[in-house]
Amino acid sequence: MIKDYTNKCLLFFLFLFLISGKGDAQYRAGLGVRGGLLYGFTYKQGLDPANYCEAIYGQKFMPIEGGNVMQQVGTLMWEHNTRFRESKFQSTRLSWVWGVGGHYRWGNGNHAAGVDGSLGLEYQFLSIPFTIGIDGKPFYEFGVLHPVNYVDLGVTLRFVFEDLN
């Protein structure tokens, strides 16, 4: 069931990629909260109008040694934002976002490192300095007896600084 849902999400994001246009995001930096398998705080810094570095610090429950154990996670991602054409959905405030990065997880004597991907949508509000986003972050972990690979689906609400409009 999860595999079927994952395939549908990937097809949906592929469709969005194909109809999107060239563009960039609208802000230089943002600070927010993220909810999902990994929940916590996020900071996103613009490197140029289309490329960002995102740092996420959070917690998640991991199935370790027959039970769920709370773990701390630090993630660093490079992300590329592309706005949709104005003719599509009548908005240049909607962007699709993809990226790559890595993470380190620790807690209760367990630790691991892994590689991460990111694919999602982000909408910047016109009248208030906030964005809201949904994303899927597939990851693979090394340094554990049984390597862990999941897709972390999440929602982010971010306060943005230095609106470029």
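This is a guided tour of a predicted model, stop by stop, with a selection to make at each one.

**The whole chain**

Start with everything in cartoon view. You should find one helix and eight strands, and walking along the sequence gives the order α-β-β-β-β-β-β-β-β. Of the 165 residues, 43% count as buried. If you switch on a surface, about 9,200 Å² of it is exposed, with carbon and sulfur atoms supplying 67%. For a sense of how the chain is connected in space, take the contacts with a separation of 6 or more: residues 24 or more positions apart account for 53% of them.

**Strands S4, S5 and S6**

Next, select residues 67–83, which make up strand S4, and add residues 94–107, which are strand S5. These two strands run antiparallel and are joined by 12 bridges. To see one of the pairings, click on Val73, whose bridge partner in S5 is Arg105. Keep Arg105 in mind, as the tour comes back to this residue.

Now bring in residues 110–124, strand S6, which pairs with S5 in the antiparallel sense over 14 bridges. S5 and S6 form a hairpin with two residues between them. Zoom in on the turn: Asn108 has a positive phi of about 55° there. Beside the turn, Gly107 has Asn110 as its bridge partner in S6.

**Gln71, Arg105 and Glu141**

Show side chains for Gln71, Arg105, Glu141 and His103. Is Gln71 buried or exposed? Gln71 is buried, because its relative accessible area is 0%, below the 20% cut-off. Follow its side chain and you meet two partners. One is the side chain of Arg105, in a polar contact of 2.6 Å. The other is the backbone oxygen of Gly107, which lies 2.9 Å from a polar atom of the Gln71 side chain. You have already visited Gly107 as the bridge partner of Asn110.

From Arg105, move across to Glu141, which sits in strand S7 (residues 130–142). The side chains of Glu141 and Arg105 are joined by a polar contact of 2.7 Å, so Arg105 links to Gln71 as well as to Glu141 under the 3.5 Å limit for such contacts. Glu141 also has a polar contact of 2.9 Å with the side chain of His103. Glu141 is buried, with a relative accessible area of 0%. Before leaving, draw a distance between the C-alpha atoms of Glu141 and Asp116: they are 25 residues apart along the chain and separated by 8.8 Å.

**His80 and its surroundings**

Go back to S4 and select His80, which belongs to that strand. Which side of the 20% line does His80 fall on? At 19% relative accessibility, His80 counts as buried, because the class takes in values under 20%. Its side chain reaches the backbone oxygen of Ala50 at 3.4 Å and makes a polar contact of 3.2 Å with the side chain of Thr82. Expand the selection to contacts, setting aside neighbours within four places in sequence, and you pick up Ala50, Asn51, Trp96, Val97 and Trp98.

**Aromatic rings**

Two of those contacts, Trp96 and Trp98, lead on to the rings. There are 10 aromatic pairs to look for. Trp96 and Trp98 form a stacked pair, 6.4 Å centre to centre and with 20° between the planes. Colour by accessibility and the partners separate: Trp96 is buried, with a relative accessible area of 7%, whereas Trp98 is partly exposed at 32%.

Now select Tyr104 and Trp106. Their ring centres are 5.9 Å apart and their planes meet at 20°, so this pair is stacked too. Tyr104 is partly exposed at 40% relative accessibility, and Trp106 is partly exposed at 34%. Add Tyr57 to complete the view, since Tyr57, Tyr104 and Trp106 form one aromatic cluster.

**Two lysines over rings**

For the last stop, show Lys44 with Tyr52, then Lys60 with Phe139. Lys44 lies over the face of Tyr52, at 5.1 Å from the ring centre. Lys60 lies over the face of Phe139, at 3.9 Å from the ring centre.

Definitions and conventions. Residues are numbered from 1 along each chain as its sequence is written. This is a predicted model: local features need pLDDT of at least 70, side-chain atom pairs count only at pLDDT 80 or more; totals for chains, interfaces and linings use all residues. Side-chain values use heavy atoms; hydrogens and water are left out. Helices (H or I, at least four residues) and strands (E, at least two) are DSSP runs, numbered from the N terminus. Buried means under 20% relative accessible area, exposed over 50%, partly exposed in between (1.4 Å probe, protein chains only). A polar contact is a pair of N or O atoms within 3.5 Å; within protein, one must be able to donate a hydrogen and the other to accept it, and residues adjacent in sequence count only if both atoms are side-chain atoms. Contact means heavy atoms within 4.5 Å. Rings of Phe, Tyr and Trp (its six-membered ring) pair if their centres lie within 6.5 Å; planes under 30 degrees apart count as stacked, over 60 as edge-to-face and the rest as tilted. A charge sits over a ring if NZ of Lys or CZ of Arg is within 6 Å of the ring centre and within 35 degrees of the ring normal. Two strands pair if DSSP finds at least two bridges between them. Accessible areas come from the Shrake-Rupley method with a 1.4 Å probe; for residues, only the protein chains shown count as cover.
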